[in-house]
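Subject: Structure for your review

Dear colleague,

Please find the structure below, together with an account of what was found in it. I would be grateful if you would read the two side by side.

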Amino acid sequence: MEPSPTRQRASRNASQEVVTKEMIDDTALQRLDNELAPMRAERASYGCSVSFNGYTDESGRSMLNATVTTPSGSMLESAMDTDNNKQTSVYLKERLKTVIMRVGVEDVVAVFSDNAANCVAAGKMLEEDEELRVFSIPCGSDTLYLLLEDIGKLVWVARTITLTKGLVHFVRAQLAAMVSDPRWAEWQAAADRTTKEAAEKIKDLVLGQAGKHSATWLLHVRQLVSIMEPIRVGLRMMDSSQPTISKVWFAVKRMEQDIKAAIVEHNIPDADQILEAVQRRTNMLLRPLHGAAALLDPEYRQHFTMRGESSAGRLDFQAVLPDFKKSAPIVQQVLGGALRRILMDQDIPAATAFAQEQIQRLLSGQVQLWELVMTGGLWRITGSQVAQAAL
């Protein structure tokens, strides 16, 4: 349910339009409310996510947009004027908590933001807030862009990009014929010294003839494309207008595998640095919610296996469950046991019976104290809620 950057930009631009009397008459408001009603109704059934991003509007005001996303799409919930307050993590957390409370604590599953330090810290504070029940998820597209920046800092990659930009700029600026055309030589002969040297260099690069940069440049272009392509595929998926939260886990794992394969196949330099960057950004992106969503996606049913079975190329079912380690052990046990019976045994009655048995054990006081200890996680309940459930 992560909104794409395109949707976020559209929401931001919409908030900057000049509002006229005709736009806010009762009929228009009613029509707009009717159009948004199905999206609001989806929140109770499927949950929703809240994303936020800051920007400066045309009047120089510091603004903070909050967008609510459901399976049907995204809607701008609010455009908040921050009054030029410093957007610290505490400030962002409080503003976002207000939005979540307004949308509905029970309906908001996750909060999405970019990877700026203040946003990451604000998301962590939202996760730890006992009044809320949300996951903080980094923007997938933003994380992959950071990976591209990491790779772009490598010396050979930066040089390849610089030479390629020079080629594109030269061809566009000169509007010359292709270098293989005889007219290229005639034009070069009539040009000044600087243009002649540039033309010779570009010809060398395009035709791949022996020269100062050509052979290395062409090789590096091929190597760079081979590791960028898996990232491009991931970006395209995450920038989709469709809900993709259940696809992210396997998309990222597939990207990792394809980059590793490209490094071996094309003998790419600085392999260790590239793989370290991929691992670091992957760890930054993936969250327990991605694993749980993938676990419930029918498309990936065949990819799950019980621990102990052959799991080559598959996601170990047990590997997902430890992601909920911050939840109380009793929650882990109920969740894991029920999902195992549903997904592995396809036995819903058995899953229901197992969950009922464990809940009855909890309410009758037969659990041990260690089973109730938690530091935060999937659900948080208050003492009054436990007392009410026991009635």
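In which helix is Phe250 found? Phe250 belongs to helix H10. Please note, before the details, that the model is predicted.

Phe250 and its surroundings

With a relative accessible area of 9%, Phe250 is buried, since the limit for that class is under 20%. Its C-alpha atom lies 9.1 Å from that of His290, and the two residues are 40 positions apart in sequence. Both residues take part in the meeting of two helices: Val248, Trp249 and Phe250 in H10 meet His290, Gly291 and Ala294 in H12.

Helix H12 covers residues 288-296. The axes of H10 and H12 are 7 Å apart and form an angle of about 105 degrees. H10 is therefore roughly perpendicular to H12, as angles of 65 to 115 degrees are placed in that class. H12 itself is mostly covered, with 8 of its 9 residues buried. The buried residues of H12 are Pro288, Leu289, His290, Gly291, Ala292, Ala293, Ala294 and Leu295. His290, Gly291 and Ala294, which meet H10, are thus among the buried residues of H12.

Trp249 also has a charged residue over its ring: Lys253 lies over the face of Trp249, at 5.7 Å from the ring centre. As to pairs of aromatic rings, the count comes to 0, where a pair requires ring centres within 6.5 Å.

The pairing of H10 with H11

Helix H10 spans residues 248-265, and helix H11 spans residues 271-285. Their axes are 11 Å apart, and the packing angle is about 180 degrees. The two helices are therefore roughly antiparallel to each other, an angle over 145 degrees being what that term requires.

On the H10 side, the residues that meet H11 are Val248, Val252, Met255, Glu256, Ile259, Lys260 and Ile263. An α-helix has 3.6 residues a turn, so residues three or four places apart point the same way. On the H11 side, the partners are Ala271, Ile274, Leu275, Val278, Gln279, Thr282 and Leu285. Val248 appears in both sets of H10 residues, meeting H11 as well as H12.

The loop between H10 and H11 holds two residues with a positive phi. Asn267 is found in this loop, and its phi is about 50 degrees although it is not a glycine. At 64% relative accessibility, Asn267 counts as exposed. Asp270 has its place in the loop between H10 and H11 too, and its phi is near 55 degrees, again a positive value in a residue other than glycine. Asp270 counts as partly exposed, at 30% relative accessibility.

Thr143 and Ser113

Thr143 is part of helix H5, residues 140-152. Its relative accessibility is 1%, and Thr143 therefore counts as buried. The side chains of Thr143 and Asn115 are joined by a polar contact of 3.1 Å. Leaving aside residues up to four places away in sequence, Thr143 touches Asn115, Pro138, Arg281, Met284 and Leu285. Leu285 is also one of the H11 residues that meet H10.

Ser113 lies in strand E4, residues 108-113. Ser113 is buried, with a relative accessibility of 6%. Residues up to four places away in sequence aside, Ser113 touches Phe52, Cys119, Ile137, Pro138 and Cys139. Ser113 and Cys139 are 26 residues apart along the chain, and 5.5 Å separate their C-alpha atoms. Pro138 is thus touched by Ser113 and by Thr143.

Glu229

Glu229 is found in helix H9, residues 214-238. At 34% relative accessibility, Glu229 counts as partly exposed. A polar contact of 2.7 Å joins its side chain to that of Arg232. The C-alpha atom of Glu229 is 9.7 Å from that of Ala262, which is 33 residues away along the chain.

The protein as a whole

The secondary structure comes to 16 helices and 7 strands. Of the 391 residues in the protein, 41% are buried. Among contacts with a separation of 6 or more, 65% are between residues 24 or more positions apart.

Yours sincerely

Conventions
Residues are numbered from 1 along each chain as its sequence is written. This is a predicted model: local features need pLDDT of at least 70, side-chain atom pairs count only at pLDDT 80 or more; totals for chains, interfaces and linings use all residues. Side-chain values use heavy atoms; hydrogens and water are left out. Rings of Phe, Tyr and Trp (its six-membered ring) pair if their centres lie within 6.5 Å; planes under 30 degrees apart count as stacked, over 60 as edge-to-face and the rest as tilted. A charge sits over a ring if NZ of Lys or CZ of Arg is within 6 Å of the ring centre and within 35 degrees of the ring normal. Helices (H or I, at least four residues) and strands (E, at least two) are DSSP runs, numbered from the N terminus. Buried means under 20% relative accessible area, exposed over 50%, partly exposed in between (1.4 Å probe, protein chains only). A polar contact is a pair of N or O atoms within 3.5 Å; within protein, one must be able to donate a hydrogen and the other to accept it, and residues adjacent in sequence count only if both atoms are side-chain atoms. Contact means heavy atoms within 4.5 Å. Axes are lines fitted to C-alpha atoms, for helices over the stretch in contact, and angles run from 0 to 180 degrees between N-to-C directions. Angles under 35 degrees count as roughly parallel, over 145 as roughly antiparallel, 65 to 115 as roughly perpendicular and the rest as oblique.
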